[in-house]
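Thanks for coming. I will go through one model today, starting with the cysteines and then the sheets, the core and the charged pairs.

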Amino acid sequence: MPRVVILDYGSGNLRSAERAVQRAGAEVEVTADPQAALAADGLVVPGVGAFAACAEGVRRVGGDKLVGKRLAGARPVLGICVGMQILFERGIEHGIEAEGLAEWPGTVDRLRADVLPHMGWNTVRAPEDSVLFAGLDADTRFYFVHSYAARSWQLDSGLPSAGAKVTWAHHGEDFVAAVENGPLCATQFHPEKSGDAGAHVLRNWLSTL
């Protein structure tokens with residue numbers, strides 16, 4: 001059974017993430033202890049609320065350094081919702097720009113859609129060679145709650161991100177719904193709120209640990 005740490009930096013959905021990862025087949029600990037986070041088979045960075053607050057919270061517990069150290073050693077990390085968003089270079093909310101962890105290039109900003117937040121079930125378009133979505137039908141739906149997203153994927157042949165597998169969804173416009181980039185994966189939707197489909201994605205991720 002893989003050992004997974006849910007990074008505790010004050011995010012509001014820690015316990016639901018903990019239960020979902022446990023049900024998917026992992027031994028789970030919720031902690032900000034750096035030794036536990038570095039030693040675990042997988043690290044989950046959850047997130048709800050504002051980009052700036054989550055990025056600040058992660059930095060406050062040294063989570064930015066933990067993510068960097070794990071990735072330097074090819075140790076898996078999974079970001080969820082705002083925990084995904086802060087992996088990009090920056091976020092802009094209400095005209096305020098905040099720095100992310102800059103693991104991926106690009107900016108998270110407001111979706112251009114008639115109805116916000118984007119709340120509810122939606123399909124995604126995953127690459128054929130996706131690991132996270134392997135075994136799921138194209139019409140499978142996942143649960144989203146957000147008004148901001150990465151609306152483009154900035155490729156640079158000189159960066160590891162150029163080889164990433166990017167999954168898209170649509171609400172008013174296309175946005176990045178998930179990324180698989182070596183040991184670093186993330187979902188904009190909430191797998192812990194997505195029923196059997198979310199559990200399937202989590203099991204697929206655990207299979208890579």
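A disulfide here is a pair of cysteine sulfur atoms within 2.5 Å. By that cut-off, the structure holds zero disulfides. Keep in mind that this is a predicted model.

How far is the sulfur of Cys 54 from the closest cysteine sulfur? That distance is 8.3 Å, and the partner is Cys 81, so the two are too far apart for a bond. Seen from the other end, the closest cysteine sulfur to Cys 81 is that of Cys 54, again at 8.3 Å. Cys 54 is buried, at 3% relative accessibility. Cys 81 is buried as well, at 2%.

Next, the sheets. One of them is an open sheet of seven strands with mixed pairing, and the order is β2-β1-β3-β4-β13-β12-β11. At its edges are β2, residues 27–31, and β11, each of which pairs on one side only. On average, neighbouring strands in this sheet are turned by 25° against each other, with direction ignored. Inside that order, β12 and β13 run antiparallel and are joined by four bridges. Strand β13 covers residues 184–187. One bridge to look at is Asn 181, whose partner in β13 is Leu 184.

There is also an open sheet of four strands, in the order β6-β5-β7-β10, and its pairing is mixed too. Here β6, residues 96–99, and β10 are the edge strands, pairing on one side only. The average turn between neighbouring strands of this sheet is 20°, direction ignored. The pairing of β7 with β10 is antiparallel and runs over three bridges. Arg 110 has Tyr 148 as its bridge partner in β10. Which helix packs on this sheet? It is α3, residues 51–60, which touches β5, β6 and β7. The direction of α3 makes about 25° with that of β6.

Now the core. The largest nonpolar core has 66 residues, and the members that touch the most others are Ile 6 and Val 45. If you click on Ile 6 and leave out residues up to four places away in sequence, its contacts include Leu 14, Ala 17, Val 21, Val 28, Val 30, Val 44 and Pro 46. Glu 18, Glu 29 and Thr 31 are also among the residues that Ile 6 touches.

That brings me to the charged pairs. Side chains of opposite charge can pair when their charged atoms come close. How many salt bridges does a search of the whole structure find? The count is seven. I will take three of the pairs.

The pair I start with is Glu 173 and Arg 112, whose side chains meet at 3.0 Å, N to O. Glu 173 sits in strand β12, residues 173–181, and Arg 112 in the loop between β7 and β8, so this salt bridge ties together parts that are 61 residues apart in sequence. How do the two ends sit with respect to the surface, buried or exposed? Glu 173 counts as buried, because its relative accessibility is 10%. Arg 112 counts as exposed, because its value is 56%. Both of them belong to a network of salt bridges that also links Asp 109 and Arg 151.

The next pair is Arg 125 and Asp 174, with the closest N and O atoms 3.1 Å apart. This pair also links distant parts of the chain, with Arg 125 in the loop between β8 and β9 and Asp 174 in strand β12, 49 residues apart. Arg 125 is partly exposed, with a relative accessible area of 43%. Asp 174 is partly exposed too, at 33%.

The last pair is Glu 89 with Arg 90, where the closest N and O atoms are 3.7 Å apart. Glu 89 is partly exposed at 29% relative accessibility, and Arg 90 is partly exposed at 29%.

One more residue before I stop. Where is Gln 154 found? It is in the loop between β10, residues 148–150, and β11, residues 165–171. Gln 154 is partly exposed, with a relative accessible area of 36%. From C-alpha to C-alpha, Gln 154 and Gly 106 are 6.2 Å apart in space, while in sequence they are 48 residues apart.

Definitions and conventions. Residues are numbered from 1 along each chain as its sequence is written. This is a predicted model: local features need pLDDT of at least 70, side-chain atom pairs count only at pLDDT 80 or more; totals for chains, interfaces and linings use all residues. Side-chain values use heavy atoms; hydrogens and water are left out. Helices (H or I, at least four residues) and strands (E, at least two) are DSSP runs, numbered from the N terminus. Buried means under 20% relative accessible area, exposed over 50%, partly exposed in between (1.4 Å probe, protein chains only). A salt bridge is a side-chain nitrogen of Lys or Arg within 4 Å of a carboxyl oxygen of Asp or Glu. A nonpolar core is a set of buried Ala, Val, Leu, Ile, Met, Phe, Trp, Tyr and Cys residues joined through side-chain atoms within 4.5 Å. Contact means heavy atoms within 4.5 Å. Two strands pair if DSSP finds at least two bridges between them. Axes are lines fitted to C-alpha atoms, for helices over the stretch in contact, and angles run from 0 to 180 degrees between N-to-C directions.
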